[in-house]
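Student: I am new to this structure and would like a close look at a single part of it. Please take one helix and then go on to what surrounds the ligand.

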Amino acid sequence: MGAADRARARLVDGLHDSGRLGSAAVEEAFRTVPRHLFLPGVPLARAYADEAVAVQAVDGVTTSSASQPSMMAIMLAQLDLRPGHRVLEVGAGTGYNAALMARIVGPQGHVIAVDIDEELVDGAARHLAASGVHDVELVCGDGALGHPAGAPYDRIILTVGSGEVRPEWIAQLAPRGRLLLPLALRGTQLSVALDLGADGALRSASVHRCAFVRLRGVGATSETGVPVGGGVSVLPAGGVVRPELVRAALAAPGPARHLPEPLSAADLWDGLGMWLALTEPGACRFLAGPVDPDDPDPDGLPAELMPVRGRGAGIGLAADASAGPGLAVVVLDPVADLGTRGPWPVRVRAFGPAGDALTERLLAAAVAWVNAGRPIPEDLRLTVVPRGVEVPPAGARAVVEQEHCRVLVHLSPD
Ligand SMILES: C[S@@+](CC[C@H](N)C(=O)[O-])C[C@H]1O[C@@H](n2cnc3c(N)ncnc32)[C@H](O)[C@@H]1O
């Protein structure tokens, strides 16, 4: 056994022990396909670490990466591939995921992988050839449109984030086919496996949190924050924020009220943050830049944000423009001991004249989140209803209107 085989065995043993390999077929594919041949020039230790490896960036922003193996394993389990399936992948990247899928669907199946970037498609072709994988069809094109020439597909997987379930993908699915995509739902990206029903609606079989680069081309949507001073950006869950109103609110900090539940970083971002985004029209997230070594003790909001992956992060509510400047933001309680991993005590701070009313709303939403069992993305059940299809929203905790679909959000079990 060579060094690459040993490194791969260690990686896959780790995936196995963490319970992420959903089936023997997925495990066999990970054990067989040589990831390092899809990442030429990358040291073996990195190629076989459970980490994403960026392979292309434009203006400092990653536009393509070999995804984190544990996330790929989660998605392949969600996809539930069977021998003989016809599969479309949007986001061929290095070609590694396509090679894994080709291994699982076998010689009776077929994998078509599309990437929008010609250089990446050429690279993927070289990697597949070097690995001895000859049964993946590569296409250079905009996968937002799917690839009608190869339809219908039993499975369509996006390995790139989308803000929408596009009608092209639904149209190219076989009856009872499954569409798996990283879907941004009011600012939270969710890996959602959606089964096409006879009524034309798609219902989720599973939901996981995820973080993928976003679609380029016709399906591109921007997710950049609006800078509001002090190195802080605000990302509204939907709609628009007026930066001048946010700045005016931040310049007028008000009182802070205790939030009865302590929160970890994951509770803040993926738990209460997701809940607020789904249930409150003015929900937004705040991100500060990386900690500045020349200013380790900043004043104002950045000093009170919770550390999430090396950056200050917050969630809150912004006032409607008609109400004037106002914000309510979940901030760390000064007694929080950041030497621990949390959960930490938190408070809700009001900013601006409209801040107090928003604080009340935010505290009430936090109580509702706790009463609902502190849901996280994995607890959601989504029904994606294309325009022209009728599904009553009975019992839905939230209804999210998107350009082509309405998304009904239930809790599982509810
Ligand atoms: C996270 S990478 C995919 C990783 C890949 N599955 C692998 O195994 O290496 C996302 C990819 O989506 C591609 N992409 C972005 N927008 C696209 C579009 N509209 N159509 C097709 N591919 C797109 C990017 O060029 C990038 O290669």
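Tutor: Helix α9 is mostly covered, with 12 of its 15 residues buried in this predicted model. Among the buried residues of α9 are Asp267, Trp269, Asp270, Trp275 and Leu278. Gly273 is also one of the buried residues, and a kink of about 35 degrees in α9 is centred on Gly273. The length of the helix can be checked as well. The 15 residues of α9, residues 265-279, should span 21 Å at 1.5 Å a residue, because the expected span is 1.5 Å times one less than the number of residues. The end C-alpha atoms of α9 are 20 Å apart, which agrees.

Now the ligand. There are 25 residues around the ligand, and those that come nearest are Ser64, Thr94, Asp115, Gly143 and Arg216. A polar side-chain atom of Arg216 lies 2.6 Å from an oxygen atom of the ligand. Thr159 has a polar side-chain atom 3.1 Å from a nitrogen atom of the ligand. With Asn97 the contact is through the backbone: a polar atom there is 3.0 Å from an oxygen atom of the ligand. On its own the ligand has 600 Å² of accessible area, and the protein covers 99% of that.

Several elements build the shell around the ligand. At least two residues each come from β2 (61-66), β3 (86-90), α5 (96-105) and β4 (110-115). The most come from β2, which gives four residues. By class, the shell holds 10 nonpolar, 11 polar and four charged residues.

Notes
Residues numbered from 1 in each chain as written. Predicted model: local features only at pLDDT ≥ 70, side-chain atom pairs only at ≥ 80, totals over all residues. Heavy atoms only, no water. Near = heavy atom within 4 Å. Polar contact = N/O pair within 3.5 Å; in protein donor to acceptor, adjacent residues only side chain to side chain. Areas by Shrake-Rupley, 256 points an atom, 1.4 Å probe, with all protein chains shown as cover. Nonpolar A, V, L, I, M, F, W, Y, C, P; charged D, E, K, R; others polar. Bend = angle between axes of the 7 residues up to and from the residue. Buried < 20%, exposed > 50% of the residue type's maximum accessible area, 1.4 Å probe, protein only.
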